[in-house]
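Work through the exercises below with the structure in view. Try each task before reading its solution.

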Amino acid sequence: MSRRNPWLGALWSIAAVLIVGALAAQFWVASFYYQESVTGPGTEVINVLQQLADTLVMPAFIVGFATVAGLLFLHARNHAKNHAKNLPRNHASKVSREGTQREGTHAPY
């Protein structure tokens, strides 16, 4: 039984929050593009939040997807390392000896 790294779970959660949050922010910002301009008290705050969300959407997507790519790389590396541990020690030498014992035959390419 292998122990799981809790930081990897936290990184998966952060990546999901960044991607879903950026998508939600993009839909929220896009909802303002087709409305008439509203004036009145409190609209300055909405305008600032809209500009802030519009500015941060693309970096959040990039960081979220880069985190997913990095985590997939780590999982692949750990899987390969664990798979190499489970192979018998003489597996590589046995394969190379089998190839050199039959000198008259070649592997089809």
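**Surface and ground rules**

The protein chain has an accessible surface of about 9400 Å², and 65% of that belongs to carbon and sulfur atoms. Accessible areas come from the Shrake-Rupley method with a 1.4 Å probe, and for residues only the protein chains shown count as cover. This is a predicted model, in which local features need pLDDT of at least 70, side-chain atom pairs count only at pLDDT 80 or more, and totals for chains, interfaces and linings use all residues. Residues are numbered from 1 along each chain as its sequence is written, and side-chain values use heavy atoms, with hydrogens and water left out.

**Exercise 1. Describe the fold.**

Step 1: count the elements. The protein chain has three helices and zero strands. Helices (H or I, at least four residues) and strands (E, at least two) are DSSP runs, numbered from the N terminus.

Step 2: read along the sequence. The pattern is α-α-α.

Step 3: check the contacts (heavy atoms within 4.5 Å). Among those between residues at least 6 apart in sequence, 78% join residues at least 24 apart.

**Exercise 2. Find the largest nonpolar core.**

Step 1: define it. A nonpolar core is a set of buried Ala, Val, Leu, Ile, Met, Phe, Trp, Tyr and Cys residues joined through side-chain atoms within 4.5 Å. Buried means under 20% relative accessible area, exposed over 50%, partly exposed in between (1.4 Å probe, protein chains only). Of the 109 residues, 14% count as buried.

Step 2: list the members. The largest core has eight residues: Ile 19, Ala 22, Ala 25, Val 29, Ala 53, Val 57, Ala 60 and Phe 61. Helix H1 (6-32) and helix H2 (43-86) each supply at least two of them.

Step 3: look at one member. Leaving aside neighbours within four places in sequence, Val 57 is in contact with Ala 22, Ala 25 and Gln 26.

**Exercise 3. Decide whether Thr 67 is buried or exposed, and name its partners****.**

Step 1: locate Thr 67. This residue is in helix H2.

Step 2: apply the cut-off. Thr 67 counts as buried because its relative accessible area is 18%.

Step 3: list partners. Beyond neighbours within four places in sequence, Thr 67 is in contact with Leu 11 and Ala 15. A polar atom of the Thr 67 side chain also lies 2.7 Å from the backbone oxygen of Val 63.

**Exercise 4. Classify Trp 28.**

Step 1: Trp 28 is in helix H1.

Step 2: Trp 28 counts as partly exposed, because its relative accessibility is 32%.

Technical notes. A polar contact is a pair of N or O atoms within 3.5 Å; within protein, one must be able to donate a hydrogen and the other to accept it, and residues adjacent in sequence count only if both atoms are side-chain atoms.
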